[in-house]
Amino acid sequence: MYQTANLYLSPDMKMAEVVLNNPYLMLLLEHFGISAPLQEKTIREICDEHKLHPEVFLTFAHLYNGVDYKPSGRFTYREVRSIINYLNNSHSYYLVEIYPNILKLIQEMFQDKSQPEQAMVEKFFNNYFNEVREHLDYENETVFPYITRLYQKIEERGHVNLPDTYSVADYQEHHDDIEEKLTDLTNLLVKYLPNNDEPQVRRKLLFTLFELDYDLTIHSKIEDQILIPLVQQMENYLSRKTT
C-alpha cells in the first residue's frame, strides 16, 4: 500500500497536487467519473464542473488519505445521486477489472497445472467471487433503485411508488462483510502456498489483493457511515411528511 503524508485537504487546493501526494486518489476520481488532465484546477473547480458537492469529495478523499475528517455540515438527499454514482462505478471496477485480473494472476502463478494448490486456490477464489457478485447485484438491482425512488419521491418528480415493506434496515441486515475472505486469501498466499518459479507473479497478485482490500474497506465505510444514515434521514423525512 502506498504511504501518504495523511494530507488534510481543503477545497482550494490544486487537485493535481493532492493526487501526486496519494496516487490512489486517481481511483477515487475514476469512481466519480472524473478523468485527467487535471491541469491547475482546484478541488472546488473540478467538483463544480462535475456537479459534485466539494464536501462529498473531501469526505471520500480523506478516507483514502487515512485522515479522520468531519464534514462541515450534514449531507442532504441531494448528494445521494453522487454517492450512488461513485458506488456504481466502483462495482464496475471490481467486476470488470480487478477480480478478473486476480483470477488471471492466480492461473499464471501455477505454471505446473497438476499442482493441487491451484485447484484449491481457484475454487476458494471463485466461491468468494460468486459471493461478491451476489452482494453487488443486490445493491445494483435492489438497493440503489430503491434509494433513487426515495430521491424522486422527495423531489416530487411525478408519481413514485415505494415498496410497502422494504427499507434501508433490510439493506443493513443484508450488508455482508466481503473483505473478510479476501484477507483469508492474502494470508494463504503469504503464509502457506508453496514456492514456485514465479515470484514476480505472486508479488503482483499480492499487491493487487492489497489494492482491492484498500478500496473495499473505503467502499464499506462509505456505505455504512455515509449512505445508510443519509437514506435513514430520507425515509424519516418522508414518514413525517405523510403523517
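Helices here are DSSP runs of H or I with at least four residues, numbered from the N terminus. The panels below show a predicted model.

**Figure 1. Overview of a protein with nine helices and zero strands.** Along the sequence, the elements follow the pattern α-α-α-α-α-α-α-α-α. Of the 243 residues in the protein, 45% are buried. Taking contacts between residues at least 6 apart in sequence, 72% join residues at least 24 apart.

**Figure 2. Close-up of the loop between α3 and α4, with Lys51.** Lys51 is found in the loop that leads from α3 to α4, the latter helix spanning 54-65. The phi of Lys51 is near 50°, a positive value in a residue other than glycine. Lys51 has a relative accessible area of 75%; values over 50% count as exposed, so Lys51 is exposed.

**Figure 3. Close-up of the loop between α2 and α3, with Pro37 and Gln39.** Ala36 and Pro37 are joined by a cis peptide bond, with omega of about 5°. Pro37 lies in this loop between α2 and α3, and Gln39 is found there as well. Gln39 is not a glycine, yet its phi is positive, at about 50°.

**Figure 4. Close-up of the aromatic pair Phe32 and Tyr86.** A search of the whole structure finds 15 aromatic pairs. In the pair of Phe32 and Tyr86, the ring centres are 5.2 Å apart and the planes stand at 55°, so the pair is tilted. The pair links distant parts of the chain, as Phe32 is in the loop between α2 (25-31) and α3 (43-49) while Tyr86 belongs to helix α5 (residues 80-109), 54 residues apart. Phe32 has a relative accessible area of 7% and is buried. Tyr86 is also buried, with a relative accessible area of 0%.

**Figure 5. Close-up of an aromatic cluster and of Leu95.** One aromatic cluster is formed by Tyr93, Tyr94, Tyr99, Phe125, Tyr128 and Phe129. Leu95 lies in helix α5. Leaving aside residues up to four places away in sequence, Leu95 touches Pro100, Phe129, Arg133 and Leu136. Leu95 and Phe129 are 34 residues apart in sequence, and their C-alpha atoms are 8.9 Å apart in space. The relative accessibility of Leu95 is 23%. The range from 20% to 50% counts as partly exposed, so Leu95 is partly exposed.

**Figure 6. Close-up of the packing of α8 against α9.** Helix α8 (residues 180-192) and helix α9 (residues 199-241) pack at an angle of about 160°, and their axes are 10 Å apart. Angles over 145 degrees count as roughly antiparallel, so α8 and α9 are roughly antiparallel to each other. Their crossing is left-handed. On the α8 side, the contact is made by Leu182, Thr183, Leu185, Thr186, Leu189 and Val190. On the α9 side, Arg202, Leu205, Leu206, Leu209, Phe210, Leu212, Asp213 and Leu216 take part. The residues of this contact divide into 10 nonpolar, two polar and two charged.

**Figure 7. Close-up of the crossing of α5 and α9.** The axes of α5 and α9 come within 10 Å and cross at roughly 160°. The two helices are therefore roughly antiparallel to each other. α5 passes α9 in a left-handed crossing. In the contact of α5 with α9, 23 residues are nonpolar, five are polar and six are charged.

Conventions:
Residues numbered from 1 in each chain as written. Predicted model: local features only at pLDDT ≥ 70, side-chain atom pairs only at ≥ 80, totals over all residues. Heavy atoms only, no water. Axes fitted to C-alpha atoms, helices over the stretch in contact; angles between N-to-C directions. Parallel < 35°, antiparallel > 145°, perpendicular 65-115°, else oblique. Left-handed = near helix turned anticlockwise from the far one by under 90°. Contact = heavy atoms within 4.5 Å. Nonpolar A, V, L, I, M, F, W, Y, C, P; charged D, E, K, R; others polar. Phe/Tyr/Trp six-rings, centres within 6.5 Å; stacked < 30°, edge-to-face > 60°. Buried < 20%, exposed > 50% of the residue type's maximum accessible area, 1.4 Å probe, protein only.
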